[in-house]
Amino acid sequence: MSQERLARTAGIDRSYLAGLERQSKNPTIDVLDRISEALGVHPSDLFVEPSSCADILKTSPPRPKRPRLPRKKG
């Protein structure tokens, strides 16, 4: 999945996502939840070491869809 598609699916700005990848930005719990939902993984999977992450992602059950809360403006 491209960075742009992930950002769009998660409802965050692509440059902010790039900052997360570079570790120059710190995500909120809400952002981590939206990213994990967009990737179809459990939020805890985002904290797994990369070497073992591939195996976990292949076996993780899909997360159930849940209604999205409206985002606050401003």
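Arg34 sits at 11% relative accessibility, so it counts as buried, the cut-off being under 20%. Its side chain still has a charged partner, because Arg34 and Asp30 meet in a salt bridge, 3.2 Å from N to O, and lie four residues apart in helix H3, about one helical turn. Everything here comes from a predicted model. The chain behind it has 74 residues, and 28% of them count as buried. Here's a tour, topic by topic.

**The overall picture**

- The protein chain has four helices and zero strands.
- If you read along the sequence, the pattern is α-α-α-α.
- Take the contacts between residues at least 6 apart in sequence: 33% of these join residues at least 24 apart.
- The accessible surface adds up to about 5,900 Å², and carbon and sulfur atoms account for 55% of that.

**The nonpolar core**

- Which residues make up the largest nonpolar core? There are nine: Leu6, Ala7, Ala10, Ile12, Leu17, Leu20, Val31, Ile35 and Ala38.
- Helix H1 (3-10), helix H2 (14-21) and H3 are the elements that each give two or more residues to this core.
- As general background, nonpolar side chains in soluble globular proteins tend to be buried together.
- Ala7 is a handy core residue to click on: leaving aside neighbours within four places in sequence, Ala7 touches Ile12, Asp13, Arg14 and Leu17.

**Helix H1**

- Leu6, Ala7 and Ala10 are the buried residues of H1.
- Looking down the axis of H1, you'd see these buried residues fall within an arc of 95°, so they line one face of the helix.
- The cover over them includes H2 and H3.
- H1 also carries a salt bridge: Arg8 pairs with Glu4, with the closest N and O atoms 3.8 Å apart.
- Arg8 and Glu4 are four residues apart within H1, which is about one turn of the helix.
- In general, an α-helix has 3.6 residues a turn, so residues three or four places apart point the same way.
- After H1 comes Gly11, which has a positive phi near 75°.

**Helix H2 and the loop after it**

- Leu17, Ala18, Gly19 and Leu20 are buried in H2.
- H1 and H3 are among the elements that cover the buried residues of H2.
- What follows H2? Just after this helix, Gln23 takes a positive phi of about 65°.
- Gln23 is not a glycine, yet its phi is positive.
- For context, most residues other than glycine have a negative phi.
- Gln23 belongs to the loop between H2 and H3.
- Is Gln23 buried or exposed? Its relative accessibility is 70%, so Gln23 counts as exposed, the cut-off being over 50%.

**Helix H3**

- H3 is mostly covered, with eight of its 11 residues buried.
- Those buried residues are Val31, Leu32, Asp33, Arg34, Ile35, Ser36, Glu37 and Ala38.
- They pack against H1 and H2.
- Leu39 is found in H3 too, a helix that spans residues 29-39.
- Just after H3, Gly40 has a positive phi of about 75°.

**Two salt bridges, side by side**

- How many salt bridges does a search of the whole structure find? The search turns up two.
- One of them is the Arg8 and Glu4 pair in H1, and there Arg8 is exposed, with a relative accessible area of 56%.
- The Arg34 and Asp30 pair belongs to H3, and there Arg34 is buried.
- Asp30, the partner of Arg34, is partly exposed, with a relative accessible area of 44%.

**A nonpolar patch on the outside**

- Some nonpolar side chains sit on the surface: Met1, Leu39, Leu46 and Phe47 form a patch there.
- Together these four residues have about 420 Å² of accessible area.
- Why is Leu39 called partly exposed? Its relative accessibility is 40%, which means it lies between the buried cut-off of 20% and the exposed cut-off of 50%.

How values were computed
Residues are numbered from 1 along each chain as its sequence is written. This is a predicted model: local features need pLDDT of at least 70, side-chain atom pairs count only at pLDDT 80 or more; totals for chains, interfaces and linings use all residues. Side-chain values use heavy atoms; hydrogens and water are left out. Patches are made of residues with over 30% relative accessible area and no salt bridge: like charges are joined within 9 Å, nonpolar side chains (Val, Leu, Ile, Met, Phe, Trp, Tyr) within 5 Å. Accessible areas come from the Shrake-Rupley method with a 1.4 Å probe; for residues, only the protein chains shown count as cover. Buried means under 20% relative accessible area, exposed over 50%, partly exposed in between (1.4 Å probe, protein chains only). Contact means heavy atoms within 4.5 Å. A nonpolar core is a set of buried Ala, Val, Leu, Ile, Met, Phe, Trp, Tyr and Cys residues joined through side-chain atoms within 4.5 Å. The arc is that of the directions from the helix axis to the C-beta atoms.
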